[in-house]
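Got your viewer open? Let's walk through this one stop at a time, selecting as we go.

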Amino acid sequence: MNIREVAKKAGVSTATVSRVVNATVPVGAVTERRVRSAIKALGYYPNTHARTLGSGKSHMYGLIISDISNPFFPDIAKCFERIAVEHGQELLIANTDYQPQRMQLCVRRMLERKVDGVAIMTSEMDPHLIRLLNKRGIPIVFLDTGRVGPYISNIFIDYSNGIEKAIEHLVGLGHKKIAFVSGPATLASANIRSEAFELSLKKRGLKSAASYRKSGDHRIEGGQSAMEELLKLRQPPTAVIASNDLTAIGIIRAIHAAGLKVPGDISVIGFDDIEISKFLQPPLTTIRVPRAEIGVSAFTALYAASSKRAAHGTEYRISTELVVRESTGPVKAK
């Protein structure tokens with residue numbers, strides 16, 4: 001089937017069929033219904049490459065994420081893809097694996113496919129590449145790391161409020177020896193969480209001992225390794241906050257492997273509230289980040305810019321909240 005067959009069956013020109021398919025020029029309601037009916041009856045599928053050549057638009061957005069195996073990112077991608085399809089857009093996903101050098105490969109893929117906009121949901125940045133996208137007039141939306149400007153939007157997650165609530169919760173349970181396992185130092189979002197942790201402790205007059213701050217990699221193995229180091233201290237912490245939920249899972253694994261209990265011996269708090277968190281043993285207390293809201297905000301920013309409705313970018317603010325489950329409890333009495 002081709003566009004000429006559709007035009008013949010609908011009794012219109014091929015140009016009219018093209019206008020209906022690409023939504024480039026308004027077509028009368030009756031005519032559009034005839035064309036849609038012909039398309040359905042003939043089982044016609046538009047040539048997306050031809051659409052790109054004809055309109056100059058690919059009807060595709062790029063989504064760059066850090067780690068496709070981390071449930072935090074597929075949740076964003078799922079929501080982004082759903083709303084994109086509803087608006088006639090396709091999605092191209094690229095994965096940096098937390099490696100800044102892979103960003104160049106990811107951006108090159110976006111340019112080769114002539115995407116209409118790019119959502120960069122990672123902190124692995126290369127200013128040169130960002131300038132390259134912006135120079136070509138490609139709308140961009142960042143997660144945490146962008147500065148709003150022409151065709152550039154940013155999604156700001158209130159990590160500090162989440163950390164503040166977590167510390168408040170633990171202090172209320174009597175904890176003073178609180179450790180923090182961060183994400184990779186190359187990630188801006190991980191550094192923001194680490195800084196928020198230290199500031200929150202200082203506000204309450206608690207010491208932030210260097211030995212209680214460990215670096216992880218936002219993966220289970222990194223969390224387990226960091227917790228094993230904390231357990232070797234002469235005075236191990238009574239509570240640990242993780243930079244994400246996968247890290248918290250590794251922390252719990254290390255605690256159990258040492259013959260200790262959560263939260264009986266050590267309380268644990270995660271960050272993100274991925275779906276599996278509520279099914280852990282014990283269910284994980286964590287700071288919820290609404291991924292659906294991130295996905296919607298990212299798409300909204302790109303769609304507004306690529307459709308020329310909002311040339312100047314927007315800052316989207318995402319709130320966090322503490323979800324209390326069973327992995328936190330009162331400090332163990334001596």
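## Starting in the middle: β3

Select β3 and look at its two faces: Gly-117, Ala-119 and Met-121 on one side are all buried, and so are Val-118 and Ile-120 on the other, so both faces are covered. Keep in mind that you're looking at a predicted model. Five of the five residues of β3 are buried, so the rest of the structure largely encloses this strand.

## The strands on either side

Next, add β1, residues 60–65. β1 and β3 run parallel and are joined by five bridges. To see one spot along that pairing, click Ile-65, which stands opposite Met-121 in β3.

Now add β4, residues 140–143. β3 and β4 also pair in the parallel sense, over three bridges. Label Val-118 here, and you'll find its bridge partner in β4, Ile-140.

## Zooming out to the sheet

Which strands make up the whole sheet, and in what order? Show six of them, in the order β2-β1-β3-β4-β5-β11: this is an open sheet with parallel pairing. The edge strands are β2 (90–95) and β11 (315–318), and each of these pairs on one side only. Averaged over the sheet, neighbouring strands are turned by 15 degrees against each other, direction ignored.

Go back to the β2 end for a moment. Six bridges link β1 and β2 in the parallel sense. Among the residues there, Tyr-61 has Leu-91 in β2 as its bridge partner.

## Helices on the sheet

Select residues 72–86 to bring up helix α5, which packs on the sheet and touches β1, β2 and β3. The direction of α5 makes about 165 degrees with that of β2.

Then pick helix α7, residues 127–135, lying across β3, β4 and β5. Against β4, α7 runs at about 150 degrees.

## Last stop: a helix pair

Hide the strands and select helix α8 (residues 159–172) with helix α9 (residues 188–203). How do they pack? Their axes are 9 Å apart, at an angle of about 40 degrees. That angle is neither under 35 degrees nor in the 65 to 115 range, and α8 and α9 are therefore oblique to each other. The crossing of α8 past α9 is right-handed.

Show side chains for the contact: α8 brings residues including Ile-163, Glu-164 and Ile-167, while α9 brings, among others, Ile-192, Arg-193 and Phe-197. Colour the contact by class and you'll get seven nonpolar, three polar and three charged residues.

Key
Residues numbered from 1 in each chain as written. Predicted model: local features only at pLDDT ≥ 70, side-chain atom pairs only at ≥ 80, totals over all residues. Heavy atoms only, no water. Pairing = 2+ DSSP bridges. Helix = DSSP H or I, 4+ residues; strand = E, 2+ residues; numbered from the N terminus. Axes fitted to C-alpha atoms, helices over the stretch in contact; angles between N-to-C directions. Contact = heavy atoms within 4.5 Å. Buried < 20%, exposed > 50% of the residue type's maximum accessible area, 1.4 Å probe, protein only. Parallel < 35°, antiparallel > 145°, perpendicular 65-115°, else oblique. Left-handed = near helix turned anticlockwise from the far one by under 90°. Nonpolar A, V, L, I, M, F, W, Y, C, P; charged D, E, K, R; others polar.
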